[in-house]
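Here are my notes on the model you sent round. Have it open while you read, and check the points against your own view.

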Amino acid sequence: MATPQKLTVKGQATRERILRSAAELMYVKGVHGTNNEAVRRAAGVSGSQLNHYFPDKESLVLAVVGMRAEQVLDLHAGERFSGLDSIEALRRWAGFFIAYEGACQQGCTFGSLAGEIVKTDLVVREQLAEGFGQWADIFRAGLARMRDSGVLRAEADPGRLAHLLLAAFQGGMLLAQATREITSLQDALTAAIDYIETFEVKSESGRARRDFGEHNTRK
């Protein structure tokens with residue numbers, strides 16, 4: 001996410017505070033339920049300050065999209081999920097979001113934002129597509145490492161399996177948000193990862209498939 005040049009340290013801090021306040025409001029209340037006055041109060045800035053850093057709502061929404069994409073990508077590319085290059089790491093990733101308190105209320109921080117604004121007049125489609133593409137690439141890279149190292153069979157397609165994971169996640173999140181039940185997300189991610197596991201190269205003795213309940217019990 002690009003930050004405007006020629007800002008003082010104080011200016012950068014002010015802009016960041018506005019951006020984070022707007023992102024939280026849009027996550028809880030939605031883009032259309034968030035107005036300048038609410039952002040101004042949440043960030044503790046004047047109207048002129050808000051207009052200085054974000055002259056219109058479109059510029060603010062675009063900045064929020066960029067920030068949310070960056071947060072999602074940093075989380076998935078970080079050490080928490082060990083590169084997402086093992087079945088265990090994928091199940092740990094799934095378990096993290098199944099336990100996420102916001103899943104049944106506001107859904108995915110990036111996906112819920114995308115779902116609300118993708119059909120609007122805001123020029124965000126390309127930015128949203130790029131964010132989802134980079135997210136899928138993180139899954140694809142981990143799955144490619146699993147295939148190239150012999151963990152998955154040669155016929156496993158990292159690109160297709162990455163799209164499966166991302167679609168299961170977004171669809172499961174949406175259903176969890178609509179039903180206020182985490183079961184949809186849990187079932188979608190379990191089924192997706194179980195399918196990926198069918199490509200795993202088994203030892204002679206075989207490896208028992210674990211569901212999320214068993215996995216969480218062993219933690």
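**Notes on the model**

1. Let's begin in a loop. Ser82 sits in the loop that runs between helix 4 (57-77) and helix 5. Its backbone is worth a look: Ser82 is not a glycine, yet its phi is positive, about 55°. Most residues other than glycine have a negative phi. As for exposure, Ser82 counts as partly exposed because its relative accessibility is 40%, and partly exposed covers what falls between under 20% (buried) and over 50% (exposed).

2. Before going further, a word on confidence. This is a predicted model, with a mean pLDDT of 88 for the chain and 89% of residues at 70 or more. Confidence is highest in helix 9, at 97, and lowest in helix 10 (residues 212-218), at a mean of 49. Over residues 205-213 the pLDDT is below 50, although this stretch has 20 contacts in the model beyond near neighbours in sequence. Where pLDDT is low, the predicted coordinates should not be read in detail.

3. Back to that loop and its aromatic ring. Phe81 lies in the loop between helix 4 and helix 5, while Phe96 is in helix 5, so their pairing ties together parts that are 15 residues apart in sequence. The ring centres of Phe81 and Phe96 are 5.6 Å apart with the planes at 70°, so this is an edge-to-face pair. Phe81 is buried, at 1% relative accessible area, whereas Phe96 is partly exposed, at 29%.

4. Now a pair within one helix. Phe132 and Trp135 both belong to helix 7, three residues apart, or about one turn of the helix. Their planes are at 5° and their centres 6.2 Å apart, so the pair is stacked. Trp135 is buried, with a relative accessibility of 1%, and Phe132 is partly exposed, at 22%.

5. How do these rings fit together? Phe81, Phe96, Phe132 and Trp135 are among the members of one aromatic cluster, which also takes in Trp93, Phe97, Phe110, Phe139 and Phe169. The count of aromatic pairs comes to eleven.

6. Helix 8 deserves its own point. It covers residues 158-179, 22 residues, and reaches 31 Å from first to last C-alpha, close to the 32 Å expected at 1.5 Å a residue. Its buried residues include Leu161, Leu165, Leu166, Phe169, Met173 and Ala176, and Phe169 is also a member of the aromatic cluster. Which elements cover the buried residues of helix 8? Among them are helix 5 (87-98), helix 6 (111-117), helix 7 (125-148) and helix 9 (183-197).

7. Look at both ends of helix 8 too. At the N-terminal end, Asp157 acts as a cap, with a side-chain oxygen 3.0 Å from the backbone nitrogen of Gly159. After the helix comes Arg180, whose phi is positive, near 60°. Arg180 is not a glycine either, and its place is in the loop between helix 8 and helix 9. With a relative accessible area of 49%, Arg180 is partly exposed.

8. One last item for anyone interested in charge and ring geometry. The charged end of Arg68 sits over the ring of Tyr27, at 5.6 Å from the ring centre.

Key:
Residues numbered from 1 in each chain as written. Predicted model: local features only at pLDDT ≥ 70, side-chain atom pairs only at ≥ 80, totals over all residues. Heavy atoms only, no water. Helix = DSSP H or I, 4+ residues; strand = E, 2+ residues; numbered from the N terminus. Expected span 1.5 Å × (residues − 1). Buried < 20%, exposed > 50% of the residue type's maximum accessible area, 1.4 Å probe, protein only. Contact = heavy atoms within 4.5 Å. Polar contact = N/O pair within 3.5 Å; in protein donor to acceptor, adjacent residues only side chain to side chain. pLDDT = per-residue confidence, 0-100. Phe/Tyr/Trp six-rings, centres within 6.5 Å; stacked < 30°, edge-to-face > 60°. Lys NZ or Arg CZ within 6 Å of the ring centre and 35° of its normal.
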